Amino acid sequence: MCNERVLCAGFGGQGVMSLGQLLTYAGMLDGKHVTWMPSYGPEMRGGTAYCSVVVSDNPVGSPIVTTNATCAIILNLPSLEKFEKSVVSGGAIFVNSSLIQKKVNRKDVRVYAIPANELAAVCGNPKAANMVMLGAYLAVSKEFSLESVIEAFKKVFGEKAGRMLDLNIRALKEGAAAVNATIELPKAA
Amino acid sequence: MTMTLMKGNEALALAAIRGGCTHFFGYPITPQNEIPEFLARELPKIGGVFIQAESEIGAVNMLYGAAAVGCRVMTSSSSPGLALMQEGISLLAAAEMPCVIVNVMRGGPGIGGIQPSQADYFQMTRGGGNGDYRVPALAPATVQESVSMMVQAFEMADCYRTPVFIVSDGMLGQMMEPVEFDNIELKEPPEKEWKLTGHGNVRKPKTIKTLMLDPARLEARNFELQEKFQKIAAAECSWEEYLIDDAVLVFTAYGSTARIARNAVDQLREEGFAAGLIRPRTLWPFPDKPFQQLASRCQTVLCVEMSCGQMVDDVRLAVNGKLPVAFYGRCGGMIPSPEELVAKAKNIMKGGRQ
């Protein structure tokens, strides 16, 4: 049964809100119940930003996943420090290792270290780091179809989507490929 | 059916247009700014009017003027902004001006904060304006319900000649959920024979006013209004029940908090505890009936709010001493987790302190 509770976090400007919206939209297109909830406040570019995404077979109650995330997609160090503890035991943390050198302390979660900025640069635009992270997540969760994610991309980005699509699909695929290469197995507790 | 993903605030704004709204007056405040942002862009395209007033006081009085000439009108604001509008709301209720007023609640009192809260239940159901008046208050719990209630609010406003509140909060306003606008069917609005459109020297002038210095006339006027409020109370109570038939403990919560309480009910059920939920969809008129009809199995009603305890007063009135009513609240922008509610419920069911 699908009940994904995903926390996406990073600096404002890294695209964590868009990343979460893409996931939410894709879940909706796949016929799931979904919610997206942003952190909001006196935010600014460079400040921390995060959003909660719930994708479920059942109607979603609380849209907030700060205490019981099944997965966290973390794009910068302050977010790792803030949300490492938010993931449930047996959950997964995707870390942008381009910006985060610190090891994840948790021993009871799966950790995927993805050099998202480097891989995005390879694709042609470092700004696509969020899409690399999304690609990594999609490869692991297997709850979403690539078609739905691409369709979601067109919905979320509107007219801009067309000329950006190839780059972003490449970024998704780089992220997916990186998962297999960089998996860190949980150590015995 | 075309589903689209929208923020609660944007959905409210689009639903207002679909509901026939042509005029918006307001002043910016977080966390409801997506509503005026959307309407500033979209209303002029349909020949409507968007005005950013000089203040909330200006906005609510522009509402009065535009309603008086027969337009479908609305404003939206958040808690301290609604506080500023209270005098105008009393005037609107007294003059029986149809309009919709959205409150996307944030933490208070005072200027407070900008995170989600439900601490305006008293403000929404008891009012801060003077005099004997009531305003219907609709409390959506999903983005889709924000849409249906927005349309319903305009129809109620015209049907009863009254302001109607939409009681949302920062969580519901900011979150995105799938929503569709396909099934909106608009009723033909009633003829507004009272509206002021100029007599053109061909008929007697009409007036809309609330000053009545003759006490006997003012009392009669009050009784007229009360009759209308009783009619609304009899016809418009609305609520949702979830698993209450065999429930030993029944949660009650409205709006976004009801979503969290529903999670708590599911968790408790999984662990073998018989919990249920009553979710008022109208705050005024308050749905007494589901509380009065609770089965004898029910031992406690647990009211959960993002406030220090406001709706719980109405729950106690509805239960009328027949059952213990417990309360759990978070406030100031803090949002309760399902786990907190589960722990509170278990504590009660074990005979813990209520």
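These are my notebook entries on a predicted model with chains A and B.

**Entry 1: helix α5 of chain A**

I started with helix α5 of chain A, residues 146-157. I wanted to see whether its length fits its residue count. Twelve residues at 1.5 Å a residue should span 16 Å, and the end C-alpha atoms are 16 Å apart, so the two values agree.

Next I looked up burial along this helix. A:Ser148, A:Val149 and A:Ile150 are buried in α5(A), and A:Ala152 and A:Phe153 are buried there too. I then stepped just past the helix. There A:Gly158 takes a positive phi of about 55 degrees.

**Entry 2: A:Ser52**

I stayed in chain A and went to strand β3, residues 48-56, where A:Ser52 lies. Is A:Ser52 buried or exposed? Its relative accessible area is 2%. The cut-off for buried is under 20%, so A:Ser52 counts as buried.

What does the side chain of A:Ser52 reach? I found the backbone nitrogen of A:Val65 at 3.3 Å. A:Val65 also appears in the list of residues that A:Ser52 touches, beyond four places in sequence. That list includes A:Pro63 and A:Ile64 as well. It further holds A:Thr35, A:Trp36 and A:Met37, along with A:Val6 and A:Leu7.

**Entry 3: the cavity search**

I turned to internal space. Rolling a probe the size of a water molecule over the atoms shows where empty space is left. How many cavities of 30 Å³ or more does a search of the whole structure find? The search finds one. The largest cavity has a volume of about 30 Å³.

I listed the lining. B:Met124, B:Thr125, B:Arg126 and B:Gly127 line the largest cavity, together with B:Tyr133, B:Arg134, B:Val135 and B:Phe165. By class, I noted four nonpolar, two polar and two charged residues.

**Entry 4: B:Tyr133**

I picked B:Tyr133 from the cavity lining. B:Tyr133 sits in the loop between α5 (121-125) and β6 (137-138) of chain B. Its relative accessible area is 11%. That is under the 20% cut-off, so B:Tyr133 is buried although it is in a loop.

The side chain of B:Tyr133 reaches the backbone nitrogen of B:Gly129 at 3.1 Å. I then set aside neighbours within four places in sequence and looked up its contacts. B:Tyr133 is in contact with B:Gln86, B:Ile89, B:Ser90 and B:Ala93. It also contacts B:Gly127, B:Gly128 and B:Phe229. Of these, B:Gly127 is also in the cavity lining.

I checked one separation as well. B:Tyr133 and B:Phe50 are 83 residues apart along the chain, and their C-alpha atoms are separated by 28 Å.

**Entry 5: B:Gln32 and its loop**

I moved to the loop between β2 (23-26) and α2 (34-42) of chain B, where B:Gln32 lies. B:Gln32 has 0% relative accessibility, so it counts as buried. Which side chain makes a polar contact with that of B:Gln32? I found B:Ser76, at 2.5 Å.

B:Ser76 is also among the residues that B:Gln32 touches beyond four places in sequence. The others are B:Asn9, B:Tyr27, B:Ser77, B:Ser78 and B:Val104.

B:Pro31 lies in this loop between β2 and α2 too. A cis peptide bond joins B:Thr30 and B:Pro31, with omega about 5 degrees.

**Entry 6: two more prolines in chain B**

I looked up B:Pro109 next. B:Pro109 is in the loop between β5 (99-105) and α5 of chain B. The peptide bond from B:Gly108 to B:Pro109 is cis, with omega near 0 degrees.

B:Pro44 lies in the loop between α2 and β3 (49-52) of chain B. B:Pro44 is partly exposed, at 46% relative accessible area. B:Pro44 and B:Thr22 are 22 residues apart along the chain, and their C-alpha atoms are separated by 8.9 Å.

**Entry 7: positive phi in chain B**

I closed with backbone angles. B:Arg161 is not a glycine, yet it has a positive phi of about 50 degrees. B:Arg161 is in the loop between α6 (143-160) and β7 (163-169) of chain B. With a relative accessible area of 22%, B:Arg161 is partly exposed.

B:Asn201 is not a glycine either, and its phi is positive, about 60 degrees. I placed B:Asn201 in the loop between β8 (176-179) and α8 (215-236) of chain B. Is B:Asn201 buried or exposed? At 72% relative accessibility, B:Asn201 counts as exposed.

Conventions:
Residues numbered from 1 in each chain as written. Chains lettered and ligands numbered in written order. Predicted model: local features only at pLDDT ≥ 70, side-chain atom pairs only at ≥ 80, totals over all residues. Heavy atoms only, no water. Helix = DSSP H or I, 4+ residues; strand = E, 2+ residues; numbered from the N terminus. Expected span 1.5 Å × (residues − 1). Buried < 20%, exposed > 50% of the residue type's maximum accessible area, 1.4 Å probe, protein only. 1 Å grid on protein atoms, 1.4 Å probe; cavity = no way out; pocket = protein on both sides within 12 Å on 5 of 7 lines; lining within 4 Å. Points joined across faces, edges and corners; volume = space filled by probe spheres on them. Nonpolar A, V, L, I, M, F, W, Y, C, P; charged D, E, K, R; others polar. Contact = heavy atoms within 4.5 Å. Polar contact = N/O pair within 3.5 Å; in protein donor to acceptor, adjacent residues only side chain to side chain.
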